[in-house]
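Got your viewer open? Load the model and keep the selection panel handy.

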Amino acid sequence: MASKKIADDAESAKLPTGSDFHYYDSFEDFRGPLAESRTALQQAMVASSARVQRVSRRGAAPEAPKEPDWSDVQEVTKWAAAVMDDALDAVDAALSSHTSTVASAIAAAAGTSTGVFSLTGGRAGGGAAAASAAASGGSVRVSAGGGDGVKTAWGGGGGRGGERGGSRAAPRPQDAFEDPVDNANEPWRPRLASASGGPPTEFGPGVHPLAEELEALEYAAWQVEAPEPIAPRPLDSCPLCIVETQEALRDMAAELAGERHVAIDLENHSFRSFQGFTCLMQVSTRSSDYIVDVLALRPHIGPALAGVFHDPAVVKVLHGSDRDVEWLQRDFGLCVVNMFDTGQAARVLSLPSAGLAFLLEHFCGVAADKRFQLADWRVRPLSAEMLAYARTDTHYLLYIHDRLKQLLAEVNPAAIPPLLQVEPLPPPPPGADERATRAMRTVLERSRRLCTSLYVREALTEGCGVDAAAKWRLLLNDEQTGVLGALLTWRDGVCREEDESTGYVLPKAQLTTLATGIPDNAKDVKRLLGRHMSEPALRRSSEILAAIEAGRRHGPGARPGAGAAPQASAHAAPAPAPAALAPKVLRPIAPPTTPLAALSTADRQQGGAAARFAPVPASRGGAQTQQQQGPSGGGGAPGSGAGAVGGSATSGMLGGGRKAGGGSAMAGMMGGGRPAGRGGGSAMLGMLGGAGRKRPASPAEPEKL
């Protein structure tokens, strides 16, 4: 009764709207209390602003709080967004300070100094990593190397700190890669790592290096059987091996070679890189957990692990593997042969959720720590909490695999969702029942087809202004559309040259603000972009002006130079000639579709325009069948991966794409929108431009057209 009365009172307390409001506003009994409430709210907001200012200025004498013109809705919106931005910045600073304090305490407990730390080896690196890992439970084996390391903290303390703004001179992992990052605006050429340690074999665009092996893949009887699940070892008795030297990597590869099942997961970063890069690899067997620092061991990962990843006798167990498969190809020249995707199994079983967090809770009683889903995995040293989160992703995965296989063995084939059924299925092993193994073979086939997908590098093609306006549902005139196209072209060139993401350099909200506002001087550019103008955009603001002017003059159908051409750098191929800088649109390059049977071995390796892994319709895999997999996606609408966040067309069709937001529309237009993913929050806060926030680091991909 009490709750009903409260609900009734709340309902009756709603303010009238529309013409009813104007009617009641003519009465003093209504107008007076409303004015008092408005004044109280304004005073509270000003007081909150003053408190935020005191915290953000860190002891400096605060300025007198400035009130906006409360009758100007746009000014109030911009002011409120700025206050909330300051508050969030203060929170970031506090979190960064706390992270540094925790890291210092861990290093002190290990008898090392945080001033000398590196995951690439050395006295301090091993000690601090061991201390962090030990804090997460379990014994620790650390690979020690010689010499002292150097502390690296790419972009701040594991969250958003250091991401926005900052100097380009600050060290980044990709700056130290042995092989320069290739961001050329041309089709990506797959490479296959050699287990013998020799140079990788390069293939033509669109050619899968292990297409024949995947097409001929057969499954042993034990793989479709469902034996009694093997419970995972308790964390406190399971060794955790921090792999940070070549010697430790070789030892791990030797141990994995004798395993029948290996659980694998990757942590990727994409906000401060055009294509993104893998930062961490987690591997688990029935007896041990491994955390591999692939930033330190990047050139050695492929040769060391090719024997395991390419071996069909070793089942690789992954969850939601569509992006992991492509990251392994992109960064290490590794292809996955014989995989069981637990996410695909959960979908075939029609479980309430296909997410890993649900599977952990349902089968293992483990609550996943979601704080680090969007963490910055470039940061070194990794905190104890980050190591624990990374370890959990694979420690329980083999047991989940066992439990899912048990359920699959009991599924009536008629209960498999029609949209998830695939044909043809691999034949049952000798002696296995065709009907009883149908659900299991469906999961294996869907997992195999994920392995046939190829990484696709984003390409810049013609017509970006018109296409972007349609995609984003913008109502632009020809002049504005031309400006949008020129800015997209400029942004693409800068991002390729400096190896930065489009969402960092000039996010969607800022693009549309410039395209609609069409500023004609640097001051207006900075005013429209607001306080969150990225460092590259600030440094190259004259180029932005030139691109705007070129787009304004030429309109959507012309080929303006779009401002000064970016200078060549170590991160990308030389910039194209000005004639190639016409307005274009970002979308994956669609390779040709020649049947595999029509390609010789030389054709597959040399590639060219005719090469493409696309088995004929009668075969088990290929793009034609992959197109049927859209409804099986796991997060994001079908097709949201390709072109939206830099994934492949296959990952898009499987629904693995993600979207990065950009504050509220109004806040973005007023320069108060926060770049790369500020979403959520209440409707009122959304209108004020500061609603909620999502950290823009690695798995949360930057927004890309």
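We'll start with the whole chain, then visit one helix and one cavity.

**Whole protein.** Keep in mind as you click around that this is a predicted model. Colour by secondary structure first: you have 27 helices and eleven strands to look at. Switch to a surface-accessibility colouring next, where 53% of the 705 residues count as buried. If you draw contacts with a separation of 6 or more, 70% of them come from residues 24 or more positions apart.

**Helix α17.** Now select residues 478-498, which make up α17. Put a distance between the first and last C-alpha of this 21-residue helix and you get 30 Å, close to the 30 Å expected at 1.5 Å a residue. How many of its 21 residues are buried? The count is 19, so to speak of α17 as mostly covered is fair.

Zoom to the start of α17 and show the side chain of N477. One of its side-chain oxygens comes to within 3.1 Å of the backbone nitrogen of E479. Then slide to the other end and pick D499, the residue that follows α17. Check its phi: the angle is positive, near 55°.

**A cavity.** Hide the helix and turn on cavities; there are ten of 30 Å³ or more. Go to the second largest, which holds about 80 Å³ of space. To see its walls, select I230, A231, P232, R233, C238, T285, R286, S287, D289, H395, L398 and Y399. Colour that lining by residue class, and six come up nonpolar, three polar and three charged.

Technical notes: Residues are numbered from 1 along each chain as its sequence is written. Side-chain values use heavy atoms; hydrogens and water are left out. Helices (H or I, at least four residues) and strands (E, at least two) are DSSP runs, numbered from the N terminus. The expected span of a helix is 1.5 Å times one less than its number of residues. Buried means under 20% relative accessible area, exposed over 50%, partly exposed in between (1.4 Å probe, protein chains only). A polar contact is a pair of N or O atoms within 3.5 Å; within protein, one must be able to donate a hydrogen and the other to accept it, and residues adjacent in sequence count only if both atoms are side-chain atoms. On a 1 Å grid over the protein atoms alone, a cavity is a set of points where a 1.4 Å probe fits but cannot get out, and a pocket is an open set with protein on both sides within 12 Å along at least five of seven lines; lining residues have an atom within 4 Å of a point. Grid points are joined across faces, edges and corners, and a volume is the space filled by probe spheres set on the points. Ala, Val, Leu, Ile, Met, Phe, Trp, Tyr, Cys and Pro count as nonpolar, Asp, Glu, Lys and Arg as charged, and the others, Gly among them, as polar. Contact means heavy atoms within 4.5 Å.
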